[in-house]
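Student: Got a minute to walk me through this one? I'd like a feel for the fold before I go back to the bench.

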Amino acid sequence: MIKSTPILEAKNLKVERGGTLLLDVPSLSIDKGEILALIGPNGAGKTTLLQTLSYLSKPFQGEIFFKGENVNSVCPVFEYRRKLAMVFQEPLLFDTTVFNNVASGLKIRGMRRNEIRDRVIEQLDRFGISHLSHRSAKTLSGGEAQRTNLARAFALQPEILLLDEPFASLDPPTRESLMEDLEHILCQTQTTAILATHDRMEALRLSDRIAVMNVGKILQIGSPSNVMNQPLDEFIASFVGVETILPGKVVKKNGGSFLASVSGKEIEAVGEVHLGETVILCIRPENVILSAHLSKETTSVRNVFQGKIERIVPFGLYQKVQLGCGFPLVAYVTNHSLEELSLTEGKEVRASFKATAIHVVRKGES
Amino acid sequence: MDLILEGIKKAFWLLVTLDPEVLRITFLSLQISGTATLISLFIGISTGVMVALSRFTGRRIVVSLINTGMGLPPVVVGLFVTIFLWRNGPLGFLGILYTPAAMIIAQAVIATPIVMGITLAAIQQLPQKLRLQILALGATRLQMVWILIKEAKLPLLAAVMAGFGGVISEVGASIMVGGNIKGYSRVLTTATVMETSRGNFDIAIALGIILLLLAFCINYIITQIQQRHRA
């Protein structure tokens, strides 16, 4: 396949305010139809990046290319903004009816009345808010308001849709139903989108590519499975949900696998390392299997440890079980298996995980 | 007590028979204060929005000045407008002292800071991100300002009320720059002052009632508009 010009490309973006570097992105490109998620904690620069890409946060250094054309040469800048649409965390609706809100961006573009009506009706229908058409935006619930906000953005048929934490202030059931609809609509319309979120599950679900951000920088960018399973460092690992992060020392090499000593215990992992090197072992909680039988059966799994349950914390549909087995280890179990194995705090259990399920981060390797 | 009852009775009579002098005074009042309010809306809203949206050094001082201007004593305005329009004054060549035009100027000077101050507060109260959202929707700067004004329409209606209410009931400046000339620059307030000082309480009361009714009607209409938007 021939690589076409990316729809949006940024080079050497830097935003500085009051002597602090808020954003430092040497290069970023988004292909047409792609959905890129920016994940990172608050203050990571996700919002700044989105606002810079849409020329809302000024001044900044660097260049932005839209379909290969430098946006700096597009004058006036609103001509460029009219190719995009932005959805903020707050619905920021206007004090008028739902219909007029969805129509607002089209009115700004001076579109003909009939055409506006058709497009608005289509979006109201798509987001399931046709019945609210004549309601005042002030009387909407949080979910209805955010649906209106999304409809307003989609009515513009943007070339790129920028979403800044669009679900963050919604309650879980509302968020779930809206995310499901958005997922469907994004797929149906083939809209190119950049989604900023602090929720990795949201990113996993909606995106084709994930960029992990912190303190204004993109630390890692890649496919969801790449970022989730092969985080480049401890920060990314902890942010993408690797609960167990263990520093250890390589004590024995054996072909492709090696043994690392972690707090006096030996853990087998796979990877190219040097003897004596310090490595970080990342174990995702869903890869840890718990068993109530303490007797050591022969299994193909080499990493089997006995430990005591220190805490059990409800975690969505799962229970997060924190173990102490010489080193801290976290596993997810379903409510069903929690009962079946009669796991309680203080109980001794056996935990096992495959050597291949461990992601190895080499210190000093960048 | 007789004085008041007699006064009210006569005032009522003047009103129901649509006394031509009373009517003329009422219309002139509406005309002068209405024009002054329109001028103040134009200057006050545009300047208020500009100050609300811009950042510059000394902005705080400007905002404080506007807020002080909201309580400008009418007699002081009357004094300075008189000086400016005086025969030897800077604008004396216009020759408009003791005319309705002078009264419009004085009243506009009083109402403008009121409208400006309320506009400033109203625009600043809108969420910061709303401006970004409007720009993100592809608006030009002018379109953004227009949308912001529409978003702040309720407090801006309050500005209309406050501005008009301030000038229609104002007497000091009007008498100083208008001169209370019968059939020419005599308005409700100045006429009330004069008739009261002459002891013609009946006419004074009639004029007072009209003034109150006017104030009530205008506020009622604007309140209706405001309440309609509440769910």
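Tutor: Sure, let's go through chain A and then a stretch of chain B, keeping in mind that this is a predicted model.

Student: OK, how many helices and strands does chain A have?

Tutor: Chain A has 10 helices and 20 strands. Its C-alpha trace spans about 75 × 45 × 45 Å along the principal axes.

Student: And what share of its residues is buried?

Tutor: Of the 366 residues in chain A, 51% count as buried. The accessible surface comes to about 17100 Å², and carbon and sulfur atoms hold 50% of that.

Student: What about contacts between residues that sit 24 or more positions apart?

Tutor: Those make up 67% of the chain A contacts that have a separation of 6 or more.

Student: Let's do sheets. What's the strand order in the six-stranded one?

Tutor: That open sheet in chain A runs S6-S7-S8-S3-S9-S10, and the pairing is mixed. Strands S6 (84–87) and S10 (217–222) are the edges, each pairing on one side only. From one strand to the next, the twist averages 15°.

Student: How do S3 and S8 of chain A run, parallel or antiparallel?

Tutor: Parallel: five bridges join S3 (residues 35–39) to S8 (residues 192–197) in chain A. If you want a pair to click on, Ala37(A) has Leu195(A) in S8(A) as its bridge partner.

Student: Which helix lies across that sheet?

Tutor: Helix H1 of chain A, residues 46–53. H1 lies across S3, S6, S7, S8, S9 and S10 of chain A, and runs at about 150° to S8(A).

Student: Now the four-stranded sheet. What's its order?

Tutor: In chain A, this open sheet goes S2-S1-S4-S5, with antiparallel pairing. Its edge strands are S2 and S5 (69–70), each with a partner on one side only.

Student: How many bridges are there between S1 and S2 of chain A?

Tutor: Nine, linking S1 (residues 8–17) and S2 (residues 20–30) of chain A in the antiparallel sense. Glu16(A) stands opposite Leu21(A) in S2(A). The hairpin of S1(A) and S2(A) has two residues between the strands, and Gly18(A) there takes a positive phi near 55°.

Student: Switching to chain B: which residues form the nonpolar surface patch?

Tutor: Val75(B), Val76(B), Leu79(B), Phe80(B), Ile83(B), Phe84(B), Leu91(B), Phe93(B) and Leu94(B). Together they have about 820 Å² of accessible area.

Student: Where's Leu79(B)?

Tutor: Leu79(B) is in helix H4 of chain B, residues 74–85. It counts as partly exposed because its relative accessible area is 41%, and partly exposed covers what falls between the 20% and 50% cut-offs.

Student: And Gly92(B), is that buried or exposed?

Tutor: Buried, because its relative accessibility is 11% and the cut-off for buried is under 20%. Gly92(B) is found in the loop between H4 and helix H5 (100–125) of chain B.

Student: What does Gly92(B) touch, leaving aside its neighbours within four places in sequence?

Tutor: Gly92(B) is in contact with Phe84(B), Leu85(B), Trp86(B) and Arg87(B).

Student: Last one: what's the C-alpha separation between Gly92(B) and Val63(B)?

Tutor: Those C-alpha atoms are 31 Å apart, with Gly92(B) and Val63(B) 29 residues from each other along the chain.

Terms used
Residues are numbered from 1 along each chain as its sequence is written. Chains are lettered from A and ligands numbered from 1 in the order in which they are written. This is a predicted model: local features need pLDDT of at least 70, side-chain atom pairs count only at pLDDT 80 or more; totals for chains, interfaces and linings use all residues. Side-chain values use heavy atoms; hydrogens and water are left out. Two strands pair if DSSP finds at least two bridges between them. Axes are lines fitted to C-alpha atoms, for helices over the stretch in contact, and angles run from 0 to 180 degrees between N-to-C directions. Contact means heavy atoms within 4.5 Å. Patches are made of residues with over 30% relative accessible area and no salt bridge: like charges are joined within 9 Å, nonpolar side chains (Val, Leu, Ile, Met, Phe, Trp, Tyr) within 5 Å. Accessible areas come from the Shrake-Rupley method with a 1.4 Å probe; for residues, only the protein chains shown count as cover. A salt bridge is a side-chain nitrogen of Lys or Arg within 4 Å of a carboxyl oxygen of Asp or Glu. Buried means under 20% relative accessible area, exposed over 50%, partly exposed in between (1.4 Å probe, protein chains only).
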